[in-house]
Amino acid sequence: MKINNKYFAHESSYVDSDVSIGDNTKIWHFSHVQSGAIIGENCSIGQNVNIGNNVKIGNYVKIQNNVSIYEGVELEDYVFCGPSMVFTNIKVPRSEFPQKGSKHYTKTLVKRSASIGANATIVCGVTIGEYAMIGSSTVVTKDVPAYTLIVGNPGRIVGKVDKKGNKTK
Ligand SMILES: CC(C)(COP(=O)(O)OP(=O)(O)OC[C@H]1O[C@@H](n2cnc3c(N)ncnc32)[C@H](O)[C@@H]1OP(=O)(O)O)[C@@H](O)C(=O)NCCC(=O)NCCS
């Protein structure tokens, strides 16, 4: 894979050699883009962000500070990841019985323009639908339908939203 020289990576960040990063994407302080990752154009990758091996990220995605996008997570265009939100890729982790390597990772898909609030946690294996809105600190344990607002722990549907995120009912 080729390095595209039209993106910006702060000097304190690490970008592994075999990644693809689109034009105009910015990678800020202390972040790490790992091997095989594909990041689209016009993305903003904040401070202290980790993009795991082989992760695929679309265009115009915003990732706020302190977020790890683990292998098995895919973000479509215009996804917003709020500060310190958490993805996972193993549903039942045990240090004593390690599950290492791609075949163990449970996938999570975040579809176009969905927003995930600050400090939310996404338990792996779910699909978050287009334009869905996940409230801050929500724990997502099930699929979230498109244009749906969910909050709480565990996350529960509390309404619908339009493209701009305004509540419609
Ligand atoms: C707690 C856990 C092990 C349960 O797994 P499970 O037994 O397969 O649970 P299910 O998905 O069948 O969910 C059972 C119920 O518990 C709820 N639930 C599951 N995980 C929850 C969580 N973390 N917080 C709140 N509720 C949770 C589900 O919403 C569901 O509720 P319902 O019965 O009202 O529908 C798992 O959901 C989890 O949180 N794993 C930790 C993931 C993680 O942190 N990984 C780190 C390494 S990447």
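**Strand pairing, ligand shell and pocket in a predicted model**

User: What makes β19 and β21 a pair of strands?

Analyst: Strand β19 (residues 133–134) and strand β21 (residues 148–151) run parallel and are joined by 2 bridges. Pairing requires at least two bridges, so β19 and β21 qualify as paired. One of the partnerships is that of M133 with L149 in β21. The structure is a predicted model.

User: How do you know that β21 also pairs with β22, and in which sense do they run?

Analyst: β21 and strand β22 (residues 156–160) are joined by 4 bridges and run antiparallel. The requirement is at least two bridges, and therefore β21 and β22 count as a pair. Within this pairing, I150 stands opposite I157 in β22.

User: Which residue in the hairpin of β21 and β22 takes a positive phi, and what else marks that loop?

Analyst: The hairpin has 4 residues between its strands, and G152 takes a positive phi near 100°. P154 is also placed in the loop between β21 and β22. The peptide bond that joins N153 and P154 is cis, with omega about -5°.

User: What is notable about the phi of N48, and where does N48 lie?

Analyst: Phi of N48 is near 55°, which is a positive value in a residue other than glycine. N48 belongs to the loop between β7 (44–45) and β8 (50–51).

User: Why are β3 and β18 said to stand at the edges of their sheet?

Analyst: The sheet in question is open and has 6 strands, ordered β3-β6-β9-β12-β15-β18 with parallel pairing. β3 (20–21) and β18 (127–128) each have a single partner strand, so one side of each is left without a neighbour in the sheet. Inside this order, strand β9 (residues 56–57) and strand β12 (residues 73–75) pair in the parallel sense over 2 bridges. I57 stands opposite L75 in β12.

User: Which strands are the edges of the open sheet of 4 strands?

Analyst: That sheet has the order β2-β5-β8-β11, and its pairing is parallel. The edge strands are β2 (14–15) and β11 (68–69), each of which pairs on one side only. β2 and strand β5 (residues 32–33) are paired in the parallel sense over 2 bridges, and V15 has V33 in β5 as its bridge partner.

User: What makes the approach of I90 to the ligand a polar contact?

Analyst: A backbone N or O atom of I90 lies 2.9 Å from a nitrogen atom of the ligand. The cut-off for a pair of N or O atoms is within 3.5 Å, so the I90 pair is a polar contact. Side chains contribute as well: an N or O atom of K91 is 2.6 Å from a ligand oxygen atom, and one of T141 is 2.7 Å from a ligand oxygen atom. The protein covers 48% of the 910 Å² of accessible area that the ligand has on its own.

User: Which residues surround the ligand, and how do they divide by class?

Analyst: The ligand is surrounded by T88, N89, I90, K91, P93, V123, V139, T141, K142, N153, P154 and R156. This shell has 5 nonpolar, 4 polar and 3 charged residues. N153 and P154, both members of the shell, are the residues joined by the cis peptide bond.

User: What is the volume of the largest pocket, and which residues are closest to its centre?

Analyst: The volume of the largest pocket is about 200 Å³. It is lined by 13 residues, of which N54, E71, G72, V73 and K107 are the closest to its centre. β12 and β15 (108–110) are the elements that give two or more residues to the lining. By class, the lining of the largest pocket divides into 4 nonpolar, 5 polar and 4 charged residues.

Conventions:
Residues numbered from 1 in each chain as written. Predicted model: local features only at pLDDT ≥ 70, side-chain atom pairs only at ≥ 80, totals over all residues. Heavy atoms only, no water. Near = heavy atom within 4 Å. Polar contact = N/O pair within 3.5 Å; in protein donor to acceptor, adjacent residues only side chain to side chain. Areas by Shrake-Rupley, 256 points an atom, 1.4 Å probe, with all protein chains shown as cover. Nonpolar A, V, L, I, M, F, W, Y, C, P; charged D, E, K, R; others polar. 1 Å grid on protein atoms, 1.4 Å probe; cavity = no way out; pocket = protein on both sides within 12 Å on 5 of 7 lines; lining within 4 Å. Points joined across faces, edges and corners; volume = space filled by probe spheres on them.
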